[in-house]
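Biologist: Hello! I am new to this structure and would love a close look at a single part of it. Could you pick one residue, walk me through its surroundings, and then help me place it in the whole chain?

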Amino acid sequence: MIKDFNFYAPTRVVFGKSSEEQLPQLLKANGATKVLVHYGGGSAKRSGLLDKVYAMLREADISFVELGGVVPNPLLSKVQEGITLCRQEDVDFILAVGGGSVIDSSKAIGYGVSYDGDVWDFWAGKAAPKQCLPIGVMLTIPAAGSEMSSSCVITKDEGSIKRGINSDLCRCRFCIMNPERTYTLPPYQTAAGCTDIMMHTMERYFSKYEDMLLTDAISEALLRTVKECAVEVMNRPEDYRLRAQIMWAGSLAHNDLTECGTEKDFATHRLEHELSALYGATHGAGLAALWASWARYVMERHLNRFVQFAVNVMGVSNDFSHPKETALRGINAIEQFFRQIGMPITIPELIGRPATDEEIQLMVRKCSREGTITVGAMEVLQASDMEAVYRMANRG
């Protein structure tokens, strides 16, 4: 069975060591006259990247304003600050300098500038975006894939409510990717990024649509490549070849290419949103802490897919007479991989203690929106299923 699909990936990718030099012409080609340069913490400044960006903008006679301070799991309050600034300064283009959090914050600002109501209406399901300021990216953290995706995930400060929406309106006009800019990423952030990249593909690979062999082959190659590079880059952080594979994989994993003919599940992502919202956990690490528990919970009803993953991605030998054992060895193998690169595989490892019963119930209520929605597609999870997965992942 192959699902019909409509593949749309309009973002121009400029990749390589000298790619940053093309920023002025890319901005001018997209009609930018007043740019908001949006970024996160101090690393973009300390590295000299922001100074380089500002120098290029001045030389090209492109006006700009800046707004930093984006945090992981980007906050609605920063988005609202950006909307106000863009309106005051008549900004007509947003340049995100950073990773997924900065890009998602930029997208949310882009949605809100022309909207008369509360921008959170889009994430609350009260309204749908109609416009978005054009956005470009100078990528420094390969992980979220937001530079080529239609998704935007924001956390509402009050209540720590983390939600995502999708719209082609926010797809970035261009993305500049220089793998050298990732050399100084800390090992933990590199590992969490690689995990997120792999999960974006796995959330599409584990599908009830199993006959799109070409898409499966692309997904399996991407997963094997990132898995191998993630291990090697820990010892060789300034290896351009390794960093380039990881950076390009991050974009391909979330631009819907690995969804062509299949159907995304994203149950683990939805479950993890509550972990990172409640505990401030790094998203990729949270995914690693949950995935194996989700896999064991749903595996027996989808054995063929888990066996294929075990053999083609994790390199497990196929015991044809015991498919369940093969599938389990594949899950065990990816847990070993996560441990090898320094990722947690349980909630206690992620947050330093077991989650309390009250915290688990809170995450279930928020993820299921008080029992009114389900998550997942290959396996649809009700609130009781969500609780079961959280409890499996909460093992000591």
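Modeller: Happy to help; what follows looks closely at Asn73, then at the chain around it and at a few other residues.

Please keep in mind from the start that this is a predicted model. Asn73 sits in a loop, the one that links strand β3 (63–67) to helix α4 (76–89). Is Asn73 buried or exposed? Its relative accessibility is 12%, and buried means under 20%, so Asn73 counts as buried. The backbone at this point deserves a look as well: phi of Asn73 is positive, about 55°, although Asn73 is not a glycine.

Now turn to the company that Asn73 keeps. Setting aside residues up to four places away in sequence, Asn73 touches Ser101, Thr155, Lys162, Ser276, Gly280 and Ala281. With Ala281 there is a detail you can find on screen: a polar atom of the Asn73 side chain lies 3.4 Å from the backbone oxygen of Ala281.

For a second example of positive phi, go to Asp256. This residue is in the loop between α9 (240–253) and α10 (267–279). Phi of Asp256 is near 80°, and Asp256, too, is a residue other than glycine.

Two residues in helices can be set beside these loop positions. Val233 belongs to helix α8, which covers residues 213–233. With a relative accessibility of 2%, Val233 counts as buried. Leaving out neighbours within four places in sequence, Val233 is in contact with Thr190, Leu242, Arg243 and Ile246. Take Thr190 from that list: Val233 and Thr190 are 43 residues apart along the chain, and their C-alpha atoms are separated by 8.6 Å.

Arg339 is in helix α13 (residues 323–340). How does Arg339 stand with respect to the surface, given its relative accessible area of 48%? Exposed would need over 50% and buried under 20%, so Arg339 is partly exposed. Not counting residues up to four places away in sequence, Arg339 touches Ile345 and Glu349. Ala355 is 16 residues from Arg339 along the chain, and the C-alpha atoms of these two are separated by 20 Å.

Finally, let us step back to the whole chain. The protein chain holds 16 helices and eight strands. A compact globule of 396 residues would have a radius of gyration near 21 Å, and the protein chain has 21 Å, so the two agree. Along its principal axes, the C-alpha trace spans about 70 × 45 × 45 Å. Asn73 and Val233 are both buried, and buried residues make up 57% of the 396 residues in the chain.

Contacts across the sequence belong to this picture too. Among contacts between residues at least 6 apart in sequence, 78% join residues at least 24 apart. As for the surface, the protein chain exposes about 15900 Å², with carbon and sulfur atoms supplying 48% of that area. There are 41 positive and 48 negative side chains, and the centres of the two sets lie 1 Å apart.

Terms used: Residues are numbered from 1 along each chain as its sequence is written. Side-chain values use heavy atoms; hydrogens and water are left out. Helices (H or I, at least four residues) and strands (E, at least two) are DSSP runs, numbered from the N terminus. The radius of gyration is taken over C-alpha atoms; the globule rule is 2.2 Å times the number of residues to the power 0.38. Buried means under 20% relative accessible area, exposed over 50%, partly exposed in between (1.4 Å probe, protein chains only). Contact means heavy atoms within 4.5 Å. Accessible areas come from the Shrake-Rupley method with a 1.4 Å probe; for residues, only the protein chains shown count as cover. Lys and Arg count as positive and Asp and Glu as negative; His and the chain ends are not counted. The place of a charge is taken as NZ of Lys, CZ of Arg, CG of Asp or CD of Glu. A polar contact is a pair of N or O atoms within 3.5 Å; within protein, one must be able to donate a hydrogen and the other to accept it, and residues adjacent in sequence count only if both atoms are side-chain atoms.
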